Amino acid sequence: MEQFAKAAISILFDGVAYAMLLFIISVGLSITMGLMGFANLAHGAFAMLGGYVMVSLMLKAGVPFLLALVLAAIIVALISVPFERYLYRRLYKAGELDQVLLSIGLVFMATATITFFFGPSTVSISVPEFLKGQVNLGFGIFPAYRTFTIAVGLVMIVALWYGFERTITGAKIRAAVDNRRMAQSIGIDVDRLFVITFAFGSGLAALGGGLAIEILGMSPTFALTYLVFFLIVVAVGGLGSIRGAFVAALVLGIIDTAGKYLWPDGGAFFIYAVTIGILLIKPEGLFGKA
Amino acid sequence: MKIHKLLLGVTALFGLMAGQAMAETVKIGVVLPYSGGAAQFGEQIDRGMNLFISQNKDAFGGNEIELIKRDSKRPGGDIAKNAVQELITREKVNLLTGFVFSPNAMASAPLATQGKVPMVIMNAGTAWIPSLSPYIARVSFTMWHAGYPMGEYAHNKLGCKTAAIGFTDYPPGKDSRNAFTTGFEKAGGKVLEAIPMGGPREVPDFTPFFQRVKNAKPDCFYIFVPAGNHSVAVVKTYASLGMGDDGIKLIGPGDITQDTKLQDMPKEAEGMITVHHYSADYDTPRNKAFVKAWKDAYGADTTPDFMGVAGYDGMAAIAHAITAQSGKVTAEGTMKALSGWTYDSPRGKIMIDPETRDIIHDSNVHKVVSKDGRMMIEVIDTIPQVKDPCKANKIGKCK
């Protein structure tokens, strides 16, 4: 029994930490897809860029970990603005195939560019002392870094909830997701909203990328390797839904961890089986609009 | 007298001309990962080969060599096989070498047999690879060179009664698992569980697997992951779960304490015990000269690792085979030349076993220590001249 409880706690904890990472990276994708109707497969590339900006800041400029994490998010958010302005905007009205081709092309270009500057190997950073080793939370001893990841994830969720539910900009975004033409006709500057949301989503992805270095590792193929997971979170959660992305990330994070823990031979099988199951029952995702 | 001298001179001249006419150009097909996540291995081996060539221009018996390089990219086997096919049929290479990943060597083996092209393997360590073709010789190692002695050592010297195994789920991973299990159980230990931990291409999040092992509380935790990026993640996960504090010893083949990755590891790497055949920290004059030459050639912040040495030794083996056959390289001739070939390698004395065409070398017990602010390998024990235990004991596919 004690063994069982121990296993359950480990699975829950690691699963939630993984889920937070998935959530932080994917939520931006979910919102931009919901708002702009743009299938941005290059979203993971912004996460990857965040990871590499962070590595450069820490290793080349000696910026401390936490500051580097924040800076990476801000820098990538700024970098993403011209992308939205000059590349993505042209294809908002285009078909999905064109959008997919453009964004997957960006992924390959990002992979090649990063390989050129940083080489093909995985890069790693050294996290500060207080994030190394274990931490006692009162009800158990847990890896410090994952505890930190969960904390960041929770803070982000509260901030996102507040931003979307309690601010004017949030209300405008929700309005634009629900009905873009109506929002435009009552005087909401949807173009500006697009830039803000895109930059914000990319910045969040970069934050997730920065956090992921220590957990998933960071290599030039990051954007492609984890693309499937980001898309699963968005598809299972439903486009444009923060709550949906959160629940989907939790379900997938915990199930993936449980699968690996309880039945390692099954490998990554579980996460796909669950995804197919959910989408068969609810094709629009858990919280998507039918 | 004068005439005699003249005659001598003419003869010498003829001899020289004949010698020149006999000098052959030997085409060597090199199949290595030059791009993608495994490019670091390709670079190591490439540098090892080139270092040998630049140091030993005379070792090829006056013959020219031409390296034709092909990128095998990933471990899947398909790309390497295509490359080998092209090298044999279009480029008409006399010799094949390289091969970092076992599946790539396995997929290429039938082509070596059909095309009668000898293959000198510079890394791929799955034990039964040389059985796949009579024209394969290996200068690197087998998973059993490390795994089997590690099993015995873990039980007899480290005092581990129980062990858990975590391995990357592809042929050398399973091979390493079998090697350790055989050694450990023969010595009287008990393997609690063996956990497959994803494929070789991407570094997974190891936490769920390690958490399972942490809760199972074995005395030793034996890990096989492919050399490179996986190993740093392994030690980081081990550290972040505090498994050392639970008294679980982290052990494995030397792939997980690769020289090029040691400095990236957290301090919990200290005390790790691995069994391997090479580290740049080996304190022998031969190795010191080798490491110095390496750093002179490629920069002070580079270091050779076991792959670099395999590239170096592999080129030495190829040079020997070419010279022994006066540049007319055949598959049978190469295997004959390499059979019983010995060499004073930076790793110590090595020999190609005439029976199995596989390498014989010392397996050393490595301990990770911290010295002058850098992680280092210290050799704490040596098992001399190990013949691949898999073939020696005729286990499984090793016949």
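Colleague: In chain B, where is confidence lowest and where is it highest?
Modeller: Helix H1 (residues 2-22) of chain B is lowest, with a mean pLDDT of 50, and strand E4 (residues 119-121) of chain B is highest, at 97. pLDDT is the predictor's confidence in each residue, from 0 to 100; helices (H or I, at least four residues) and strands (E, at least two) are DSSP runs, numbered from the N terminus.

Colleague: Which residues of chain B have pLDDT below 50?
Modeller: Residues 13-21 of chain B, a stretch with one contact in the model beyond near neighbours in sequence. A contact is two residues whose C-beta atoms, placed from the backbone, lie within 7 Å.

Colleague: Any ground rules?
Modeller: This is a predicted model, where local features need pLDDT of at least 70 and side-chain atom pairs 80 or more, while totals for chains, interfaces and linings use all residues. Residues are numbered from 1 along each chain as its sequence is written, and chains are lettered from A and ligands numbered from 1 in the order written.

Colleague: What are the ipTM and pTM?
Modeller: ipTM is 0.73 and pTM 0.81.

Colleague: How many residues of each chain are in the contact?
Modeller: Chain A and chain B each put in 27 residues.

Colleague: Which helix gives the most on the chain A side?
Modeller: H1(A), with six residues. Helix H1 (2-36), helix H8 (190-216) and helix H11 (242-262) of chain A each supply at least two.

Colleague: Back to chain B. What are its domains?
Modeller: Domain 1 is 24-141 + 284-357 and domain 2 is 144-276 + 362-392, with bounds from an automatic or database domain assignment. Their centres, taken over C-alpha atoms, are 27 Å apart.
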